[in-house]
Amino acid sequence: MNILLSGDGEAAHVDVGVAKPGAWVVSGTGPVRDSAGRPVTGAEGCAKRDMDPVKCFAESDLHVEVAYHPADRYWPFQWIETALFFALAALLTAFC
């Protein structure tokens, strides 16, 4: 987990990046969100210099949105990309 604290006071906010072993994480760091999906700042969003953000997340109803592709999609993506390159090569060959 990557935790980035920036700002000060109630304008402070935490951005969190999550790594999922064996997966391709396509989202970067993102803001901490409440149960309604709104970004939260300051102490409410676990953004105080003297608090442990991980413990604060565990004790609150906050979350971070992460977009990723599971490891079992790796080979289907590779085959789709290969098919597209072959199709483009065939079109270019026909054009020439």
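A residue counts as exposed here when its relative accessible area is over 50%, and as buried when that value is under 20%. Keep those cut-offs in mind while walking through this model, which is a predicted one.

Start with Arg38. Its relative accessible area is 52%, so Arg38 falls on the exposed side. The side chain of Arg38 pairs up with that of Asp34 in a salt bridge, at 3.3 Å from N to O. And what about the partner, buried or exposed? Asp34 has a relative accessible area of 12%, so Asp34 is buried. This salt bridge, then, joins Arg38, which is exposed, to Asp34, which is buried.

How many salt bridges are there altogether? The count comes to 2. Besides the Arg38 and Asp34 pair, there is one between the side chains of Arg33 and Glu65, at 3.8 Å from N to O. That pair ties together distant parts of the chain: Arg33 belongs to the loop between S4 and H1, Glu65 belongs to the loop between H1 and strand S5 (68-69), and the two are 32 residues apart.

Stay with Arg33 for a moment, since there is more going on around this side chain. Strand S4 covers 30-31, and Arg33 sits in the loop that runs from there to H1. The Arg33 side chain also gets to the backbone oxygen of Gly37, at 2.8 Å. If you skip the neighbours within four places in sequence, the contacts of Arg33 are Arg38, Pro39, Asp61, Leu62, His63 and Glu65. So the list takes in Arg38 from one salt bridge and Glu65 from the other.

Pro39 is on that list too, and Pro39 is in the loop between S4 and H1 as well. With residues up to four places away left out, Pro39 touches Pro31, Val32 and Arg33. Looking back along the chain, Val14 is 25 residues from Pro39, with 9.6 Å between their C-alpha atoms.

Now for the loop on the other side of S4. Thr29 is in the stretch between strand S3 (24-25) and S4. At 47% relative accessible area, Thr29 is partly exposed, because that class lies between the 20% and 50% cut-offs. Its contacts, leaving aside neighbours within four places in sequence, are Asp15, Val16 and Gly17. Phe85 is another matter: 56 residues along the chain from Thr29, with 32 Å separating the C-alpha atoms.

Next come the helices. H1 takes in residues 53-59, and Glu59 is part of it. With a relative accessible area of 61%, Glu59 is exposed. Between Glu59 and Thr41 there are 16 Å in space, C-alpha to C-alpha, for 18 residues in sequence.

What span should H2 have, given its 22 residues? At 1.5 Å a residue the expected figure is 32 Å, and the end C-alpha atoms are 32 Å apart, so the two agree. How many of the residues in H2 are buried? The count is 0 out of 22, which leaves H2 hardly covered.

One of its residues is Leu84, which is exposed because its relative accessibility is 54%. Leu84 also belongs to a nonpolar surface patch with Trp24, Val26, Phe77 and Ile80, and together these residues have about 510 Å² of accessible area. Which element gives the largest share of that patch? Helix H2 (residues 74-95) does, with 3 residues. A general point about helices fits in here: an α-helix has 3.6 residues a turn, so residues three or four places apart point the same way.

Terms used
Residues are numbered from 1 along each chain as its sequence is written. This is a predicted model: local features need pLDDT of at least 70, side-chain atom pairs count only at pLDDT 80 or more; totals for chains, interfaces and linings use all residues. Side-chain values use heavy atoms; hydrogens and water are left out. Helices (H or I, at least four residues) and strands (E, at least two) are DSSP runs, numbered from the N terminus. Buried means under 20% relative accessible area, exposed over 50%, partly exposed in between (1.4 Å probe, protein chains only). A polar contact is a pair of N or O atoms within 3.5 Å; within protein, one must be able to donate a hydrogen and the other to accept it, and residues adjacent in sequence count only if both atoms are side-chain atoms. Contact means heavy atoms within 4.5 Å. Patches are made of residues with over 30% relative accessible area and no salt bridge: like charges are joined within 9 Å, nonpolar side chains (Val, Leu, Ile, Met, Phe, Trp, Tyr) within 5 Å. Accessible areas come from the Shrake-Rupley method with a 1.4 Å probe; for residues, only the protein chains shown count as cover. A salt bridge is a side-chain nitrogen of Lys or Arg within 4 Å of a carboxyl oxygen of Asp or Glu. The expected span of a helix is 1.5 Å times one less than its number of residues.
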